[in-house]
Amino acid sequence: MPGEALRRVVLVGSGDSHHAGRAAQLAFLRLTGLPCEALGTQQFLDYGMLGPASPHAATLVVAVSASGSSPRLVTTVRRARAHGFRPWPSPAARAAPSARRRDGRWRPRSA
């Protein structure tokens, strides 16, 4: 449902990036007023897409990454998009050379 108002934010990352998401969780809640949770990439792949995110288009999935090249994170973004979520890569993920298309715009490496 394009244009639908956001109702939830999910911060997704692996390792240190997951912990950075956990540290930012409260800030997202206070700044946006939206429920926010930080999930590890595998946790999101296994359970996050099944959670209380209906409709998925109302959930912003923020991909947190220092390198932008984690295969699991790329898979997470691709699957989130395929399930109707609104994925948004962190600036580091967008800047990674392996995550850019030829025109310079961000895309999951395996897409």
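Is Phe85 buried or exposed? In this predicted model, Phe85 is buried, with a relative accessible area of 4%. The report below starts from this residue and proceeds to the core, the strands and the surroundings of Thr41.

**The aromatic pair**

The count of aromatic pairs comes to one. The ring centres of Phe44 and Phe85 are 5.5 Å apart and the ring planes stand at 65°, so the arrangement is edge-to-face. Because Phe44 belongs to helix H2 and Phe85 to the loop between H3 and S4, the pair ties together parts that are 41 residues apart in sequence. Phe44 counts as buried, at 0% relative accessibility.

**The nonpolar cores**

Both rings belong to the largest nonpolar core, which has twelve residues: Val10, Val12, Leu39, Phe44, Leu45, Met49, Val61, Ala63, Leu73, Val77, Ala80 and Phe85. At least two residues of this core come from each of S1, H2, S3 and H3. H3 gives the most, with three residues. Another core, of eight residues, lies apart from it and includes Cys36, Ala38, Val62 and Val64. In soluble globular proteins, nonpolar side chains tend to be buried together.

**Strand S3 and its neighbours**

Strand S3 spans residues 59-63, and five of its five residues are buried. Thr59, Val61 and Ala63 point one way from S3, whereas Leu60 and Val62 point the other way. In a regular strand the side chains alternate between the two faces of the sheet. Val61 appears in the twelve-residue core, while Val62 is among the residues of the eight-residue core. The contacts of Val61, not counting residues up to four places away in sequence, are Val10, Val12, Phe44, Ala80, Phe85, Arg86, Pro87 and Trp88.

S3 pairs in the parallel sense with S1 over five bridges, and Thr59 in S3 is the bridge partner of Arg8. S3 also pairs in the parallel sense with strand S4 (residues 86-89), over four bridges; there, Pro89 is the bridge partner of Ala63. Together, S3, helix H3 (residues 71-82) and S4 make a right-handed β-α-β unit.

**Val12 and Thr41**

Val12 lies in strand S1 (residues 8-13). Not counting residues up to four places away in sequence, Val12 touches residues including Leu39, Thr41, Phe44, Val61, Ala63, Leu73 and Thr76. The C-alpha atoms of Val12 and Val77 are 9.1 Å apart in space, although 65 residues separate the two in sequence.

Thr41 is located in helix H2 (residues 41-46). With the same sequence neighbours left out, namely those up to four places away, Thr41 touches Val12, Gly13, Ser14, Arg72, Leu73 and Thr76. The side chains of Thr41 and Ser14 are joined by a polar contact of 2.7 Å.

**The loop before S3**

Ala57 is found in the loop between H2 and S3. The C-alpha atoms of Ala57 and Ala5 are separated by 8.5 Å, with their positions 52 residues apart along the chain.

**Accessibility of selected residues**

The residues tabulated here count as buried because each relative accessible area is under 20%.

| Residue | Relative accessible area |
|---|---|
| Phe44 | 0% |
| Val12 | 1% |
| Thr41 | 2% |
| Phe85 | 4% |
| Ala57 | 10% |

Conventions
Residues are numbered from 1 along each chain as its sequence is written. This is a predicted model: local features need pLDDT of at least 70, side-chain atom pairs count only at pLDDT 80 or more; totals for chains, interfaces and linings use all residues. Side-chain values use heavy atoms; hydrogens and water are left out. Buried means under 20% relative accessible area, exposed over 50%, partly exposed in between (1.4 Å probe, protein chains only). A polar contact is a pair of N or O atoms within 3.5 Å; within protein, one must be able to donate a hydrogen and the other to accept it, and residues adjacent in sequence count only if both atoms are side-chain atoms. Contact means heavy atoms within 4.5 Å. Two strands pair if DSSP finds at least two bridges between them. A crossover is right-handed if, with the strands pointing away from the viewer, the path from the first strand over the helix to the second runs clockwise. A nonpolar core is a set of buried Ala, Val, Leu, Ile, Met, Phe, Trp, Tyr and Cys residues joined through side-chain atoms within 4.5 Å. Rings of Phe, Tyr and Trp (its six-membered ring) pair if their centres lie within 6.5 Å; planes under 30 degrees apart count as stacked, over 60 as edge-to-face and the rest as tilted.
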